[in-house]
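Trainee: I have a structure to go through with you. Can we take the labels one by one and test each against its definition?

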Amino acid sequence: MALLDDIKQNVEVGNRDAVLAQVQQALDEGTTAQDVLAQGLIAAMDIVGAKMEAEEMFIPEVLRAAKTMEAGLGILRPHLAVGDVKVQGKVVIGTVKGDLHDIGKNLVAMLLASAGFDVVDVGINVTPADFAKHVKDNDANFLGLSALLTTTMPMMKETLAALETAGLRGQVKVLVGGAPVNQSFADQIGADGYASDAGAAIKVAKELA
Amino acid sequence: MMTSDDIRTVHQAGLRLLEKTGVVFKHQPTVDLFASHGFEVDGLRVFMTEAHVEAALAVVPSWFTMEGRNPDRHLTFGGDHLVVANAAGAAFVLEGTDMRAGTMADLSTCLKLSHMSSNVDMLGNPILPQDMPADEGYRQSIHCCLTMSDKLLEYPIATPEHLQVALDTSEILYGADWHQRSRVFTVLNSLSPLQFEEGTCISALELAARNQPICLTPCVMGGTTGPVTTAGILVLQHAEVMAGLVLVQLVSPGCPFVYGGTSSISSMMTGDMLVGVPEYWALMTATVEIANHFDLPSRAGGGLTDAHLPDMQAGIECAMGLASVMRTGVNFILHGTGIISSFNAVSFAKFVIDDELVGMLRSRLKRIDISEETMAVSVIEDVGPGGNFLLESHTYAHCHDYDRPSFFNRRKHDVWLSRGGLDIAASAEKRAKAMLESYVAPDLDPLILRQLGGYCYGHCTVAPYQAVEE
Ligand code: B1M
């Protein structure tokens with residue numbers, strides 16, 4: 001349908017005003033909210049994801065598309081049933097204690113959000129106890145840990161121990177990343193997943209979801 | 001090249017940020033200090049006026065001299081002096097295509113190379129060793145740096161504990177009144193955009209109180225922690241350096257200070273910081289130009305590359321990175337030798353290639369000496385049209401002028417082939433091996449050596465790394 005195609009294209013290029021108007025128009029014309037969601041908004045984000053992987057779209061463009069999709073979703077929401085919008089999971093994410101590097105973590109957080117995860121970014125220099133508290137308070141089923149310093153990598157292990165102590169380890173999948181982190185380190189400390197970049201982080205999180 | 005108008009425009013833009021947006025110092029005593037001097041403060045946010053910046057610029061020295069344990073190796077920062085230090089803070093070592101965790105032994109290798117190099121003037125703590133617990137690794141690393149070479153060290157200070165080690169080891173080396181002179185040199189980073197983290201504030205206050213130099217180096221990443229445009233990056237970097245300058249001069253008017261910058265663009269595809277790109281070279285050149293304009297010692301650039309092999313990409317990027325700032329008159333280069341993989345790793349082969357490159361650039365930057373003797377007009381007249389200069393005593397007298405020991409190939413193909421036909425990385429490895437074999441540790445007073453050993457190894461649970469025998 002031409003209108004849904006237009007919506008799809010406008011989400012991709014981040015044209016918020018057009019998407020808002022066209023989503024409303026589609027509803028007015030009698031298209032179901034489910035169809036607008038699946039064939040317009042989600043279809044657009046599938047293309048965006050593929051283009052990002054193919055290095056055809058840049059991060060700011062991906063984020064703009066995701067924000068546009070969210071805006072369109074805002075109009076659809078009253079017309080959708082609870083189960084129609086699939087939330088991938090609730091993620092608490094932060095940079096471990098002693099570490100201030102947050103650019104990579106921010107990227108991962110933003111892209112996870114744009115991929116449909118409910119993300120709570122708890123910032124930098126977060127102690128193991130605070131991570132456990134945030135997981136509990138938010139009833140999260142994912143915990144993302146970022147470390148950029150070899151000296152702060154051990155904090156990932158300590159954070160896992162804090163989850164264990166708090167009796168929360170069973171409730172969350174733990175995903176780790178950051179320049180000095182690798183798969184074997186992740187395995188060694190007993191994390192559930194490792195990702196080398198933000199794109200991979202979304203893939204791994206979706207697999208674990 | 002920036003015109004003075006460009007520089008003034010960037011300066012005014014930076015001042016506007018300081019005045020209207022302010023800078024967050026995440027350390028209450030620092031904010032209190034500003035408030036007590038009449039600065040407008042809102043929570044942890046401090047606002048600065050043009051007058052505050054002018055006052056700081058009026059008292060900061062345009063040069064200073066660092067004194068180490070060997071008077072021949074004292075170093076002056078500012079004017080037309082150039083100080084080159086090796087790689088700093090890498091976590092990994094790159095050998096071939098293999099990236100592995102750095103160890104104490106790797107640290108020792110780097111320090112030996114730096115000590116033997118005639119182009120490296122100063123040490124950076126090249127590798128954060130991963131074969132021992134972090135806190136012990138720090139003291140052991142500092143011990144290696146202070147004992148394996150008598151070149152001055154850029155102390156890596158990221159936490160108050162590190163700061164304490166710098167202060168304590170300086171007292172051991174130079175005695176209780178060590179801070180009468182410039183002894184501890186460190187690079188502090190702002191946390192862009194427009195923030196100074198608690199540990200940085202503490203280090204700045206404590207070091208300035210002892211009148212020790214501070215090299216303030218923002219690392220703005222365009223598009224992520226700063227605007228995506230290079231001019232925007234430059235303005236933000238400038239505002240942060242000025243904020244640091246104002247703080248340091250408030251604590252201790254006249255405290256030595258270096259205008260630093262290592263900001264660059266980020267890849268908008270991945271978010272990664274890029275250091276092997278023309279935008280980085282332009283930003284680093286501009287950093288030096290701005291420092292020059294304000295008559296401040298500068299730090300910028302380095303032998304930086306985004307390559308993962310000491311290959312031609314690495315060579316091009318390092319040469320451009322180093323030449324850009326050296327031609328502009330930079331005073332201090334950190335990561336001058338050995339760093340690879342966008343700051344993440346050290347390569348020993350690249351270390352000696354960079355060493356060679358720095359040496360070549362130093363020669364390149366010397367002005368051609370124009371004099372009667374060097375123009376040799378009378379010699380040309382004597383030889384006349386069609387003659388030969390090989391037998392001239394002028395030739396005999398100057399034939400070693402441009403003779404620089406080099407492992408770069410200068411021979412014909414067949415000779416090169418008969419000598420193994422090595423590429424640059426393989427030749428560099430041979431060269432590194434020879435340098436390591438000829439390494440001799442510098443003398444150090446046995447009493448000081450023992451005290452340093454006691455201090456750095458006293459609480460260690462892991463056997464000390466025996467770099468230098470007591
Ligand atoms: C949850 O699941 C996941 C999954 C994937 C995840 C993930 C989580 N987290 C990350 N990922 C992955 O996805 C991201 C997107 O693709 C990627 O994230 P990255 O973070 O890797 O990539 C980002 C998009 C871009 N990359 C970055 O943001 C880091 C770039 C480099 C240059 C860097 C920067 C910018 C900074 N630094 Co720092 N810094 C360096 C870095 C060298 C480098 N090239 O990596 C590194 C990491 N720093 C280092 C050091 C030593 C330090 N730094 C320090 C400070 C800073 C700045 C404040 C100046 C600034 C940080 C600004 C900020 N807001 O984050 C100090 C420490 C402060 C502290 N306590 O944390 C200081 C101690 C002092 C110094 N300046 O040297 C080195 C670490 C060495 C080591 N042994 O670990 C370093 C390699 C540079 C060097 N050689 O000195 C992936 O790793």
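Trainee: Which residue stands opposite Phe64(B) in β5(B)?
Mentor: Phe77(B) stands opposite Phe64(B). This is a predicted model.

Trainee: What makes β4(B) and β5(B) a pair?
Mentor: DSSP must find at least two bridges between two strands. Here β4(B), residues 63-66, and β5(B), residues 75-78, share 4 bridges. So they count as paired. The sense is antiparallel.

Trainee: Which side chains of β4(B) are buried, and which are not?
Mentor: They alternate along the strand. Phe64(B) and Met66(B) point to one face and are buried, so each has under 20% relative accessible area. Trp63(B) and Thr65(B) point to the other face and are not buried.

Trainee: How do you know the span of α16(B) fits a helix?
Mentor: The helix has 14 residues, 424-437. At 1.5 Å a residue, 20 Å is expected. From first C-alpha to last, α16(B) reaches 20 Å, close to that value.

Trainee: Which residues of α16(B) are buried?
Mentor: Ala425(B), Ser427(B), Ala428(B), Ala432(B) and Met435(B).

Trainee: Why are they said to lie on the same side of α16(B)?
Mentor: Because they cover an arc of only 155 degrees around the axis. On the other side, Lys430(B), Lys433(B) and Glu437(B) are exposed.

Trainee: What do the buried residues of α16(B) pack against?
Mentor: Against α4 (104-116) and α11 (348-365) of chain B.

Trainee: What is the mean pLDDT of chain B?
Mentor: The mean is 95, and 98% of the residues of chain B reach 70 or more. For the complex, the predictor gives an ipTM of 0.88 and a pTM of 0.93.

Notes: Residues are numbered from 1 along each chain as its sequence is written. Chains are lettered from A and ligands numbered from 1 in the order in which they are written. This is a predicted model: local features need pLDDT of at least 70, side-chain atom pairs count only at pLDDT 80 or more; totals for chains, interfaces and linings use all residues. Side-chain values use heavy atoms; hydrogens and water are left out. pLDDT is the predictor's confidence in each residue, from 0 to 100. Buried means under 20% relative accessible area, exposed over 50%, partly exposed in between (1.4 Å probe, protein chains only). Helices (H or I, at least four residues) and strands (E, at least two) are DSSP runs, numbered from the N terminus. The expected span of a helix is 1.5 Å times one less than its number of residues. The arc is that of the directions from the helix axis to the C-beta atoms. Contact means heavy atoms within 4.5 Å.
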